[in-house]
There are 4 protein chains.
Amino acid sequence: MIGTLGPAAERRCRESFARQAFVLHLGGAVEALAPGRAALRLPFRAELAQQHGFFHAGALTTLADTAAGYAAFTLMPEGAAVLTVEFKMNLLRPGRGAAAVARAEVLKPGRTLMAVRADVFCIAEGGAEELAATMLATMMCVRNRPDVPPG
Amino acid sequence: MIGTLGPAAERRCRESFARQAFVLHLGGAVEALAPGRAALRLPFRAELAQQHGFFHAGALTTLADTAAGYAAFTLMPEGAAVLTVEFKMNLLRPGRGAAAVARAEVLKPGRTLMAVRADVFCIAEGGAEELAATMLATMMCVRNRPDVPPG
Amino acid sequence: MIGTLGPAAERRCRESFARQAFVLHLGGAVEALAPGRAALRLPFRAELAQQHGFFHAGALTTLADTAAGYAAFTLMPEGAAVLTVEFKMNLLRPGRGAAAVARAEVLKPGRTLMAVRADVFCIAEGGAEELAATMLATMMCVRNRPDVPPG
Amino acid sequence: MIGTLGPAAERRCRESFARQAFVLHLGGAVEALAPGRAALRLPFRAELAQQHGFFHAGALTTLADTAAGYAAFTLMPEGAAVLTVEFKMNLLRPGRGAAAVARAEVLKPGRTLMAVRADVFCIAEGGAEELAATMLATMMCVRNRPDVPPG
């Protein structure tokens, strides 16, 4: 049982995501949110490719990092911001497919730090999924720093 | 003394970089190449920001990963391709500034694997640099796989 | 279905483990082997503690790295050796308990490289398990290098 | 200029190190401390070897993690404890030599978190050094938790 995110937390996450200029620019979208979990989807486009025509590791990392951040953010209190402390990414297979989906899960919630795992799957035209990369990340909860852009 | 890249290797790197659709789409450019070293620059744009208006970790990671890849590629033989096996990135400070520069250096060249360090600096309007992130990566040399896009 | 390791591979792994001076010195033992998987156990002793009396991160890392190595080794051909390329370890909770168990699983087998995940659980006196740490590692298969000590 | 550690901080670090049962059991010793830096030395012994007779990655990781922890600890206030959040280690060369030395340096000090780099060198009989491994770690400052063993 995964549980359902309350409406206030769901809104908080979606409003924050709507300010994610870079991920939105790449074409990323929220696919699912649950307590301690987030899934994001990124359709393939030629601009997201590396020199062999597959998803660039940087695009998959952006997706995984953002999914990991929102998985942690679902568990954070109102008025807190999430910052990425660090992550490690293993690229397992060429990122080949019509879309990539990052599914993140908090392994250990903490008041200040959360360890999060994110798996990135590439989805073929027919829907078959293949694990393309996996991330292990540390997220930080910063209190009293509203999650709004400066200025 | 760092040494100078031979003209054939320089051309091989620059031609490969010219096929890096994602990095080019973000606005990245080669600043310098030397044997075992590469520096890339990325001017700030609003599309590269996260929810607080700084460089998104994914954009800085893309820059660092690409710099690390080309640092390794300078040492690889003609006809080889470079693949990212994995990397770890620590975000040290908010990625704030007019541009970001990633400077990568091969720590240990090997026939098959190369360990590479990449530091990402954010550059203020006046030119002051601040270390924003650091990456430790593993690159793989794939022989007999020309570095050209498929199809 | 996990599958069972053939007798030759089982013997190859156990003979190699019997030469692991450091892990044996710490008190580690093989708990289970299966294709692409390995579990090792390490009973707590005062010599394995850090300054607060819990398992030192280095002892848990040794266990996880070794489990990850043997998970990969189960899939390698006769006459090959396994080398750790790199790993990343997140320490999630104090390593407190009567024993630690590392369970490793190959995420992506490859001819040369294998990505492996290893979870380290601490086991209380009554048998309750708690996830204490998690590792993401890259192992390398070195052919034609028999897994024997030099000299 | 690196600076010199004040006598109170020096004593605080050395007293904490004297409670590091695991590192002491392996034979590790403090070689140098400075603000934001620490160097530890570990003489080779047969019990520290892996299956090929070199330093086990776990022994080198223990040394690097501990050096990284004390590099951070030198910058922490009286009454604080240091905890390892995570680290990533790249094994660059076989850990071969009469001793290993880990030299750690804080890359970014913070009130709560510190990013630390640690390089591990293996020292041959004649004194020649070789970079055997490099670590990138995150350390946490825990206040109001005296650095003493429980019980």
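This report walks through a predicted model, from a sheet shared by two chains to one residue in chain A.

## The sheet across chains C and D

Twelve strands make up an open sheet, and their pairing is antiparallel. The order is β1(C)-β2(C)-β4(C)-β5(C)-β6(C)-β3(C)-β3(D)-β6(D)-β5(D)-β4(D)-β2(D)-β1(D). In that order, β3(C) stands next to β3(D). The edges are β1 (29-34) of chain C and β1 (29-34) of chain D, each of which pairs on one side only. From one strand to the next, the twist averages 20 degrees.

At the chain D edge, β1(D) pairs with β2 (residues 37-43) of chain D. Five bridges link these two strands in the antiparallel sense. D:Ala34 sits opposite D:Arg37, a residue of β2(D). Helix α3 (residues 57-73) of chain D packs on the sheet. In chain D, α3 touches β1, β2, β3 (81-91), β4 (99-108), β5 (113-123) and β6 (129-142). The helix also touches β3 (81-91) of chain C. Its direction makes about 40 degrees with that of β4(D).

## Chains A and B

A turn of 180 degrees, with a shift of 0.0 Å along the axis, lays chain B on chain A. The RMSD is 0.0 Å. That is the relation of a two-fold axis. The same surface serves both copies, as 100% of the contact residues of chain B recur in chain A.

Which residue of chain B comes closest to the rotation axis? B:Lys88 does, with its C-alpha at 2.0 Å.

## Where chain C meets chain B

Six residues from chain C and six residues from chain B take part in this contact. On the side of chain C, β3(C) gives the largest share, three residues. That side divides into two nonpolar, two polar and two charged residues.

## Helix α3 of chain A and A:Phe55

Helix α3 (residues 57-73) of chain A has 17 residues. From first C-alpha to last it reaches 24 Å, close to the 24 Å expected at 1.5 Å a residue. The helix is mostly covered: 17 of its 17 residues are buried.

A:Phe55 lies in the loop between β2 (37-43) and α3 of chain A. Is A:Phe55 buried or exposed? A:Phe55 counts as buried because it has 27 C-beta neighbours inside 10 Å, and the cut-off is 20 or more. Beyond its neighbours within four places in sequence, A:Phe55 is in contact with A:Phe44, A:Leu48, A:Ala49, A:Leu60, A:Gly95, A:Ala100 and A:Cys122. A:Arg14 is 41 residues from A:Phe55 in sequence and 25 Å away in space, C-alpha to C-alpha.

Conventions
Residues are numbered from 1 along each chain as its sequence is written. Chains are lettered from A and ligands numbered from 1 in the order in which they are written. This is a predicted model: local features need pLDDT of at least 70, side-chain atom pairs count only at pLDDT 80 or more; totals for chains, interfaces and linings use all residues. Two strands pair if DSSP finds at least two bridges between them. Helices (H or I, at least four residues) and strands (E, at least two) are DSSP runs, numbered from the N terminus. Axes are lines fitted to C-alpha atoms, for helices over the stretch in contact, and angles run from 0 to 180 degrees between N-to-C directions. Two residues are in contact if their C-beta atoms, placed from the backbone, lie within 7 Å. Copies are superposed by least squares on the C-alpha atoms of residues with pLDDT of at least 70 in both. Ala, Val, Leu, Ile, Met, Phe, Trp, Tyr, Cys and Pro count as nonpolar, Asp, Glu, Lys and Arg as charged, and the others, Gly among them, as polar. The expected span of a helix is 1.5 Å times one less than its number of residues. A residue is buried if 20 or more other C-beta atoms lie within 10 Å of its own, exposed if 12 or fewer, and partly exposed in between; C-beta atoms are placed from the backbone.
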